[in-house]
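Visitor: Please show me the sequence and the model. I would like each term explained as we reach it.

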Amino acid sequence: APPTCPSPIVLTCDAGTDSSSLSGPDAQNAIDLYSCVEWDYAGPEVVYSFTPTEDGDVRASIAFDGTLADLDLLVVGDLGGDCDPDGCVAASDSVDSAESVLWTVTAGTSYYVVVDGVEGATGAFDLVLDCTVDADGDGVGVDDDSDDADPFQCSDTDTDGCDDCAN
């Protein structure tokens with residue numbers, strides 16, 4: 001069988017912004033379904049490959065004109081050197097003009113970041129890969145109670161080394 005993702009664009013942590021389009025030369029039309037979402041993705045997608053050199057959290061984000069297209073951002077695993085749409089790692093499928101996914105990576109493991117249009121939608125987008133992210137974005141700890149607060153609040157469950165908190 002031919003590869004599902006024959007020519008992914010290689011991403012690195014310090015690459016900056018990649019501008020592309022689902023109607024441009026980087027688009028392919030090989031994936032219609034993903035295991036983590038229930039939308040129909042019949043139509044083109046742009047696929048990126050990413051192999052981190054360190055373990056940690058990574059955020060991929062796209063921005064596009066949401067009035068013209070409904071584009072989604074998906075991360076799928078590796079299946080022997082090819083992408084695996086049945087092995088979804090993360091997905092963002094809102095109807096906003098920006099999508100963002102955060103996932104935990106393992107050094108040396110390949111991931112495929114896919115920009116795909118719902119029901120064949122196409123459009124231009126800008127993609128950014130950020131490898132310097134904490135899960136709550138504040139630079140320390142993990143906001144495991146999802147309150148977007150400083151992880152050193154003693155009332156939170158996300159205290160990370162808070163020696164002044166009474167237990």
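**Strands, burial and a pocket**

Guide: Gly80 takes a positive phi near 60 degrees in the hairpin of E5 and E6, a hairpin with 4 residues between its strands. The model is predicted, so local features need pLDDT of at least 70 and side-chain atom pairs pLDDT 80 or more, while totals for chains, interfaces and linings use all residues. Residues are numbered from 1 along each chain as its sequence is written, and side-chain values use heavy atoms, without hydrogens and water.

Visitor: What makes E5 and strand E6 a pair?

Guide: Strands are DSSP runs of E with at least two residues, numbered from the N terminus (helices are runs of H or I with at least four). Two strands pair if DSSP finds at least two bridges between them. E5 and E6 (residues 83-92) are joined by 6 bridges and run antiparallel, so they meet that condition. Within this pair, Gly77 stands opposite Asp84.

Visitor: Which strands are joined to E8 by bridges?

Guide: E5 is joined to E8 by 6 antiparallel bridges, and strand E3 (residues 45-50) is also joined to E8 by 6, again antiparallel. On the E5 side, Leu71 is partnered with Gly117 and Leu73 stands opposite Val115. On the E3 side, Tyr48 has Val113 as its partner.

Visitor: Why is E8 called largely enclosed?

Guide: Buried means under 20% relative accessible area, exposed means over 50%, and partly exposed lies in between (1.4 Å probe, protein chains only). In E8, 7 of the 7 residues are buried, so the strand is largely enclosed by the rest of the structure. That holds for both faces: Tyr111, Val113, Val115 and Gly117 point one way, Tyr112, Val114 and Asp116 the other. E5 (residues 71-78) is mostly covered, with 7 of its 8 residues buried.

Visitor: How do you know whether Ser21 is buried or exposed?

Guide: Its relative accessibility is 16%, so Ser21 counts as buried. Ser21 lies in strand E2 (residues 17-21). Contact means heavy atoms within 4.5 Å, and beyond four places away in sequence Ser21 touches Ala27, Val46, Gly123, Ala124 and Phe125.

Visitor: What makes the side chains of Ser21 and Ser23 a polar contact?

Guide: A polar contact is a pair of N or O atoms within 3.5 Å; within protein one must be able to donate a hydrogen and the other to accept it, and residues adjacent in sequence count only through side-chain atoms on both sides. The Ser21 and Ser23 side chains are 3.0 Å apart, which means that the distance is within the limit.

Visitor: What is notable about the phi of Glu119?

Guide: Most residues other than glycine have a negative phi. Glu119 is not a glycine, yet its phi is positive, about 50 degrees. Glu119 sits in the loop between E8 (111-117) and E9 and is exposed, with a relative accessible area of 61%.

Visitor: How do you know the class make-up of the lining of the largest pocket?

Guide: Ala, Val, Leu, Ile, Met, Phe, Trp, Tyr, Cys and Pro count as nonpolar, Asp, Glu, Lys and Arg as charged, and the others, Gly among them, as polar. By that rule the lining has 7 nonpolar, 2 polar and 3 charged residues, including Cys13, Phe50 and Asp57.

Methods. On a 1 Å grid over the protein atoms alone, a cavity is a set of points where a 1.4 Å probe fits but cannot get out, and a pocket is an open set with protein on both sides within 12 Å along at least five of seven lines; lining residues have an atom within 4 Å of a point.
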